[in-house]
Amino acid sequence: MSQLFTGSACLTKRGIPPLTVPERMDALQHLYRRLDNRVRGLSRLSYALLVGLISAVAVFAVRNLLPGDGSFGPIAMGVSMTVVYYALDPNNTT
């Protein structure tokens, strides 16, 4: 974040004072709650597909950092996580 120094006050590029640490934490908590509520509102299938996609992308990213080849691992992880989350339905509140 580029900052302009005007006298003793530190302002951002737009002339707005920067957020304090508690304000940043409040903003992050609010973002987390919004995302959590949106994900919890998904249907069983949509939630399972989202978890499968996220796990496949994560395994693919880690796989690219490690030596060796093979793309079966991320696909297998994504499919298995989708099946498990659909079968067990962790968002079931009843």
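A residue counts as buried when its relative accessible area is under 20%, as exposed when it is over 50%, and as partly exposed in between. The exercises below apply these cut-offs to a predicted model.

## Exercise 1. The chain as a whole

Find which elements the chain holds, in what order they run, and what share of its residues is buried.

**Solution.**
- Step 1: list the elements. The chain has 3 helices and 2 strands.
- Step 2: read them from the N terminus. The order is β-β-α-α-α.
- Step 3: apply the cut-off for buried residues. Of the 94 residues, 12% are buried.
- Step 4: look at contacts between residues at least 6 apart in sequence. Of these, 40% join residues at least 24 apart.

## Exercise 2. Helix α2 and its two sides

Compare the expected span of α2 with the distance between its end C-alpha atoms, then sort its residues into buried and exposed.

**Solution.**
- Step 1: take the length. Helix α2 covers residues 44–65, which is 22 residues.
- Step 2: work out the span. The expected span is 1.5 Å times one less than the number of residues. For α2 this gives 32 Å, and the end C-alpha atoms are 32 Å apart, so the two agree.
- Step 3: pick out the buried residues. In α2 they are Tyr47, Ala48, Val51, Gly52, Ser55 and Ala56.
- Step 4: look down the axis. The buried residues of α2 fall within an arc of 160 degrees, so they line one face of the helix.
- Step 5: recall helix geometry. An α-helix has 3.6 residues a turn, so residues three or four places apart point the same way.
- Step 6: turn to the other side of α2. Leu53, Ile54, Asn64 and Leu65 are exposed there.
- Step 7: find the packing partners. The buried residues of α2 pack against α1 (21–40) and α3 (72–88).

## Exercise 3. Two residues of α2

Classify serine 55 and leucine 53 as buried or exposed, and locate each relative to other parts of the chain.

**Solution.**
- Step 1: place serine 55. This residue sits in helix α2.
- Step 2: test its accessibility. Buried means under 20%. Serine 55 has a relative accessible area of 13%, so it is buried.
- Step 3: list its contacts, leaving out neighbours within four places in sequence. Serine 55 is in contact with Met77, Gly78 and Met81.
- Step 4: place leucine 53. This residue, too, belongs to helix α2.
- Step 5: test its accessibility. Exposed means over 50%. Leucine 53 stands at 52%, so it counts as exposed.
- Step 6: take a distance. Leucine 53 and methionine 77 lie 24 residues apart in sequence, and their C-alpha atoms are 9.2 Å apart.

## Exercise 4. Helix α3 and what follows

Describe the span and the two faces of α3, then look at aspartate 89 and proline 90.

**Solution.**
- Step 1: check the span. Helix α3 has 17 residues and reaches 24 Å from first C-alpha to last, close to the expected 24 Å.
- Step 2: name the buried residues. In α3 these are Pro74, Gly78 and Thr82.
- Step 3: look down the axis. The buried residues of α3 fall within an arc of 70 degrees, so they line one face.
- Step 4: find a cover. What covers these buried residues includes α2.
- Step 5: turn to the face away from the buried side. Phe72, Val79, Val83, Ala87 and Leu88 are exposed there.
- Step 6: move just past α3. Aspartate 89 takes a positive phi of about 45 degrees.
- Step 7: go on to proline 90, in the segment after α3. With a relative accessible area of 47%, proline 90 is partly exposed.
- Step 8: list its contacts, not counting residues up to four places away in sequence. Proline 90 touches Tyr47 and Tyr85.
- Step 9: take a distance. Proline 90 and alanine 48 are 42 residues apart along the chain, and their C-alpha atoms are separated by 9.4 Å.

## Exercise 5. The largest pocket

State the volume of the largest pocket, name its lining and sort the lining by type.

**Solution.**
- Step 1: give the volume. The largest pocket has about 150 Å³.
- Step 2: name the lining. The residues are Tyr32, Leu35, Asp36, Val39, Arg40, Tyr47 and Asn91.
- Step 3: find the main contributor. Helix α1 gives the most, with 5 residues.
- Step 4: sort by type. The lining divides into 4 nonpolar, 1 polar and 2 charged residues.

Key:
Residues are numbered from 1 along each chain as its sequence is written. This is a predicted model: local features need pLDDT of at least 70, side-chain atom pairs count only at pLDDT 80 or more; totals for chains, interfaces and linings use all residues. Side-chain values use heavy atoms; hydrogens and water are left out. Helices (H or I, at least four residues) and strands (E, at least two) are DSSP runs, numbered from the N terminus. Buried means under 20% relative accessible area, exposed over 50%, partly exposed in between (1.4 Å probe, protein chains only). The arc is that of the directions from the helix axis to the C-beta atoms. Contact means heavy atoms within 4.5 Å. On a 1 Å grid over the protein atoms alone, a cavity is a set of points where a 1.4 Å probe fits but cannot get out, and a pocket is an open set with protein on both sides within 12 Å along at least five of seven lines; lining residues have an atom within 4 Å of a point. Grid points are joined across faces, edges and corners, and a volume is the space filled by probe spheres set on the points. Ala, Val, Leu, Ile, Met, Phe, Trp, Tyr, Cys and Pro count as nonpolar, Asp, Glu, Lys and Arg as charged, and the others, Gly among them, as polar.
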